[in-house]
Amino acid sequence: MEQYRTRSPQYGPRRDRPRPPRQPVPSQAGRGAGGEPVRAARPPVPRRRPAPVRRPAPAPAPAAGGLPNPRLTGLGSGLFCAVVMFLLGALCSALFGASLTAYGVLFLPVSALTALWVRRGDLMTAPVVVPIAFAVGLLPVADGEDGSGGTLMGLVTALATQAGWLYGGTLIAGLIVIVRRIRMVRRRRTAGVRPPV
(Lines give C-alpha, C1' and ligand atoms only; values in the text may rest on other atoms or scores of the structure.)
Protein backbone atom coordinates (compact mmCIF):
# COMPACT_ATOMS: atom_id res chain seq x y z
CA MET A 1 0.00 0.00 0.00
CA GLU A 2 1.14 3.47 -0.88
CA GLN A 3 1.19 6.08 1.79
CA TYR A 4 0.59 9.67 0.92
CA ARG A 5 2.66 12.27 2.55
CA THR A 6 0.76 14.57 4.76
CA ARG A 7 2.11 17.88 5.80
CA SER A 8 1.56 18.68 9.38
CA PRO A 9 -0.39 21.86 10.01
CA GLN A 10 2.36 23.28 12.17
CA TYR A 11 4.38 24.34 9.16
CA GLY A 12 1.57 26.54 7.84
CA PRO A 13 0.36 26.87 4.26
CA ARG A 14 2.59 26.00 1.39
CA ARG A 15 4.61 28.76 -0.20
CA ASP A 16 3.60 27.95 -3.75
CA ARG A 17 -0.09 28.76 -3.00
CA PRO A 18 -1.18 32.40 -2.82
CA ARG A 19 -2.38 33.62 0.51
CA PRO A 20 -5.98 34.75 0.78
CA PRO A 21 -6.31 38.49 1.18
CA ARG A 22 -6.75 39.70 4.69
CA GLN A 23 -9.91 41.50 5.58
CA PRO A 24 -9.39 44.73 7.48
CA VAL A 25 -10.46 44.42 11.03
CA PRO A 26 -12.25 47.49 12.28
CA SER A 27 -10.46 49.12 15.13
CA GLN A 28 -11.99 49.57 18.50
CA ALA A 29 -12.23 53.31 17.90
CA GLY A 30 -14.58 52.63 14.99
CA ARG A 31 -16.93 50.51 17.09
CA GLY A 32 -20.00 51.72 18.91
CA ALA A 33 -21.00 51.05 22.47
CA GLY A 34 -22.45 47.66 21.56
CA GLY A 35 -19.35 46.58 19.68
CA GLU A 36 -20.95 47.16 16.30
CA PRO A 37 -18.83 48.86 13.64
CA VAL A 38 -19.61 52.51 13.14
CA ARG A 39 -19.84 53.71 9.53
CA ALA A 40 -17.79 56.71 8.59
CA ALA A 41 -19.85 59.82 8.03
CA ARG A 42 -20.15 60.69 4.34
CA PRO A 43 -19.68 64.27 3.26
CA PRO A 44 -23.01 65.97 2.48
CA VAL A 45 -23.90 65.94 -1.21
CA PRO A 46 -24.82 69.45 -2.39
CA ARG A 47 -28.37 69.59 -3.72
CA ARG A 48 -28.95 71.20 -7.04
CA ARG A 49 -31.50 73.92 -7.03
CA PRO A 50 -34.12 73.73 -9.78
CA ALA A 51 -33.70 76.19 -12.59
CA PRO A 52 -35.88 79.25 -12.10
CA VAL A 53 -38.97 79.35 -14.30
CA ARG A 54 -39.08 82.39 -16.51
CA ARG A 55 -42.40 84.10 -16.36
CA PRO A 56 -43.45 87.10 -18.42
CA ALA A 57 -43.18 90.34 -16.53
CA PRO A 58 -46.53 91.70 -15.39
CA ALA A 59 -47.88 94.70 -17.18
CA PRO A 60 -46.84 97.93 -15.48
CA ALA A 61 -49.53 99.60 -13.46
CA PRO A 62 -50.86 102.81 -14.99
CA ALA A 63 -49.34 105.89 -13.49
CA ALA A 64 -51.57 107.96 -11.27
CA GLY A 65 -52.95 110.92 -13.13
CA GLY A 66 -51.95 109.47 -16.54
CA LEU A 67 -54.06 109.08 -19.64
CA PRO A 68 -56.88 106.54 -19.50
CA ASN A 69 -56.10 103.22 -21.16
CA PRO A 70 -59.35 101.23 -21.39
CA ARG A 71 -59.64 97.97 -23.30
CA LEU A 72 -62.74 97.81 -25.50
CA THR A 73 -64.14 94.79 -27.29
CA GLY A 74 -64.85 94.92 -31.00
CA LEU A 75 -68.48 95.82 -30.40
CA GLY A 76 -67.56 98.26 -27.65
CA SER A 77 -65.05 100.07 -29.84
CA GLY A 78 -67.64 100.36 -32.61
CA LEU A 79 -70.24 101.80 -30.23
CA PHE A 80 -67.70 104.16 -28.72
CA CYS A 81 -66.60 105.53 -32.08
CA ALA A 82 -70.13 105.83 -33.46
CA VAL A 83 -71.53 107.60 -30.37
CA VAL A 84 -68.60 110.01 -30.13
CA MET A 85 -68.76 110.87 -33.83
CA PHE A 86 -72.53 111.42 -33.67
CA LEU A 87 -72.08 113.78 -30.70
CA LEU A 88 -69.26 115.60 -32.48
CA GLY A 89 -71.40 115.87 -35.60
CA ALA A 90 -74.22 117.41 -33.58
CA LEU A 91 -71.71 119.76 -31.92
CA CYS A 92 -70.29 120.84 -35.27
CA SER A 93 -73.78 121.39 -36.62
CA ALA A 94 -74.69 123.60 -33.64
CA LEU A 95 -71.44 125.55 -33.26
CA PHE A 96 -69.79 125.66 -36.67
CA GLY A 97 -72.83 125.72 -38.95
CA ALA A 98 -72.49 122.12 -40.17
CA SER A 99 -68.82 122.52 -41.08
CA LEU A 100 -67.64 119.30 -42.68
CA THR A 101 -64.01 120.36 -42.36
CA ALA A 102 -64.26 120.69 -38.57
CA TYR A 103 -66.02 117.33 -38.47
CA GLY A 104 -63.24 115.70 -40.51
CA VAL A 105 -60.51 117.16 -38.28
CA LEU A 106 -62.22 115.81 -35.17
CA PHE A 107 -62.60 112.42 -36.82
CA LEU A 108 -58.83 111.81 -36.89
CA PRO A 109 -58.17 111.71 -33.11
CA VAL A 110 -61.30 109.63 -32.54
CA SER A 111 -60.01 107.08 -35.04
CA ALA A 112 -56.64 106.96 -33.27
CA LEU A 113 -58.26 106.50 -29.85
CA THR A 114 -60.47 103.71 -31.16
CA ALA A 115 -57.45 101.82 -32.51
CA LEU A 116 -55.49 102.39 -29.29
CA TRP A 117 -58.24 101.35 -26.89
CA VAL A 118 -59.49 98.21 -28.62
CA ARG A 119 -58.25 95.05 -26.92
CA ARG A 120 -55.64 92.80 -28.50
CA GLY A 121 -58.06 90.06 -29.50
CA ASP A 122 -60.21 92.49 -31.52
CA LEU A 123 -57.51 94.59 -33.19
CA MET A 124 -58.76 93.98 -36.70
CA THR A 125 -62.18 95.43 -35.96
CA ALA A 126 -60.89 98.99 -35.51
CA PRO A 127 -60.29 99.77 -39.23
CA VAL A 128 -63.77 98.38 -39.96
CA VAL A 129 -65.82 100.31 -37.40
CA VAL A 130 -64.10 103.66 -38.00
CA PRO A 131 -65.63 104.32 -41.48
CA ILE A 132 -69.05 103.21 -40.22
CA ALA A 133 -68.80 105.67 -37.33
CA PHE A 134 -67.79 108.42 -39.77
CA ALA A 135 -70.99 107.84 -41.73
CA VAL A 136 -73.10 107.75 -38.55
CA GLY A 137 -71.66 111.05 -37.37
CA LEU A 138 -72.49 112.71 -40.71
CA LEU A 139 -76.24 112.36 -40.09
CA PRO A 140 -76.62 115.61 -38.10
CA VAL A 141 -74.05 117.45 -40.25
CA ALA A 142 -75.15 116.54 -43.78
CA ASP A 143 -77.37 119.15 -45.45
CA GLY A 144 -80.44 117.74 -47.04
CA GLU A 145 -84.04 118.52 -47.76
CA ASP A 146 -86.82 117.34 -45.51
CA GLY A 147 -87.54 113.67 -45.68
CA SER A 148 -85.47 110.51 -45.69
CA GLY A 149 -84.59 110.86 -49.38
CA GLY A 150 -83.07 114.31 -48.90
CA THR A 151 -81.14 113.20 -45.83
CA LEU A 152 -79.80 110.19 -47.72
CA MET A 153 -78.70 112.36 -50.66
CA GLY A 154 -77.00 114.81 -48.28
CA LEU A 155 -75.20 111.90 -46.59
CA VAL A 156 -73.96 110.50 -49.90
CA THR A 157 -72.79 113.95 -50.99
CA ALA A 158 -70.95 114.53 -47.71
CA LEU A 159 -69.26 111.12 -47.98
CA ALA A 160 -68.14 111.90 -51.52
CA THR A 161 -66.78 115.36 -50.72
CA GLN A 162 -65.14 114.37 -47.42
CA ALA A 163 -63.59 111.10 -48.59
CA GLY A 164 -60.11 112.44 -47.76
CA TRP A 165 -60.91 112.70 -44.06
CA LEU A 166 -62.55 109.26 -44.17
CA TYR A 167 -59.49 107.65 -45.75
CA GLY A 168 -57.14 109.55 -43.45
CA GLY A 169 -58.86 108.38 -40.27
CA THR A 170 -59.10 104.81 -41.54
CA LEU A 171 -55.41 104.86 -42.47
CA ILE A 172 -54.43 106.12 -39.00
CA ALA A 173 -56.47 103.37 -37.35
CA GLY A 174 -54.96 100.74 -39.65
CA LEU A 175 -51.38 101.84 -38.97
CA ILE A 176 -51.91 101.82 -35.21
CA VAL A 177 -53.44 98.35 -35.41
CA ILE A 178 -50.49 97.05 -37.47
CA VAL A 179 -47.94 98.46 -35.02
CA ARG A 180 -49.78 96.96 -32.05
CA ARG A 181 -50.03 93.62 -33.81
CA ILE A 182 -46.28 93.54 -34.55
CA ARG A 183 -45.45 94.37 -30.94
CA MET A 184 -47.79 91.65 -29.70
CA VAL A 185 -46.20 89.01 -31.95
CA ARG A 186 -42.70 90.02 -30.81
CA ARG A 187 -43.67 89.76 -27.17
CA ARG A 188 -45.12 86.30 -27.68
CA ARG A 189 -42.00 85.11 -29.51
CA THR A 190 -39.82 86.46 -26.72
CA ALA A 191 -41.94 84.66 -24.14
CA GLY A 192 -41.79 81.43 -26.17
CA VAL A 193 -45.52 81.28 -26.86
CA ARG A 194 -46.66 80.44 -30.34
CA PRO A 195 -48.87 83.23 -31.74
CA PRO A 196 -52.41 82.26 -32.72
CA VAL A 197 -53.13 81.65 -36.39
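**View 1. Buried residues of helix 3 in the predicted model.** Seven names make up the set to look for here. Ala-126, Val-129 and Val-130 are buried. So are Ala-133, Phe-134, Ala-135 and Gly-137. Helix 3 covers residues 126-137.

**View 2. The span of helix 3.** Helix 3 has twelve residues. From its first C-alpha to its last, the helix reaches 16 Å. That is close to the 16 Å expected at 1.5 Å a residue.

**View 3. A nonpolar patch on the surface.** Four residues form the patch: Val-83, Phe-86, Leu-87 and Leu-139. Together they have about 370 Å² of accessible area.

**View 4. Leu-87, a member of the patch.** Leu-87 sits in helix 1, which runs over residues 74-95. Its relative accessibility is 54%. Leu-87 therefore counts as exposed, since exposed means over 50%. In the patch, Leu-87 is joined by Val-83, Phe-86 and Leu-139.

**View 5. The helices in the setting of the chain.** The secondary structure comes to five helices and zero strands. Along the sequence the pattern reads α-α-α-α-α. Helix 1 (residues 74-95) carries Leu-87. Helix 3 (residues 126-137) contains the buried Phe-134, among others.

**View 6. Burial, contacts and surface across the chain.** The chain has 197 residues, and 24% of them are buried. Among contacts with a separation of 6 or more, 72% link residues 24 or more positions apart. The chain exposes about 16000 Å². Carbon and sulfur atoms supply 61% of that area.

How values were computed:
Residues are numbered from 1 along each chain as its sequence is written. This is a predicted model: local features need pLDDT of at least 70, side-chain atom pairs count only at pLDDT 80 or more; totals for chains, interfaces and linings use all residues. Side-chain values use heavy atoms; hydrogens and water are left out. Patches are made of residues with over 30% relative accessible area and no salt bridge: like charges are joined within 9 Å, nonpolar side chains (Val, Leu, Ile, Met, Phe, Trp, Tyr) within 5 Å. Accessible areas come from the Shrake-Rupley method with a 1.4 Å probe; for residues, only the protein chains shown count as cover. A salt bridge is a side-chain nitrogen of Lys or Arg within 4 Å of a carboxyl oxygen of Asp or Glu. Helices (H or I, at least four residues) and strands (E, at least two) are DSSP runs, numbered from the N terminus. Buried means under 20% relative accessible area, exposed over 50%, partly exposed in between (1.4 Å probe, protein chains only). Contact means heavy atoms within 4.5 Å. The expected span of a helix is 1.5 Å times one less than its number of residues.
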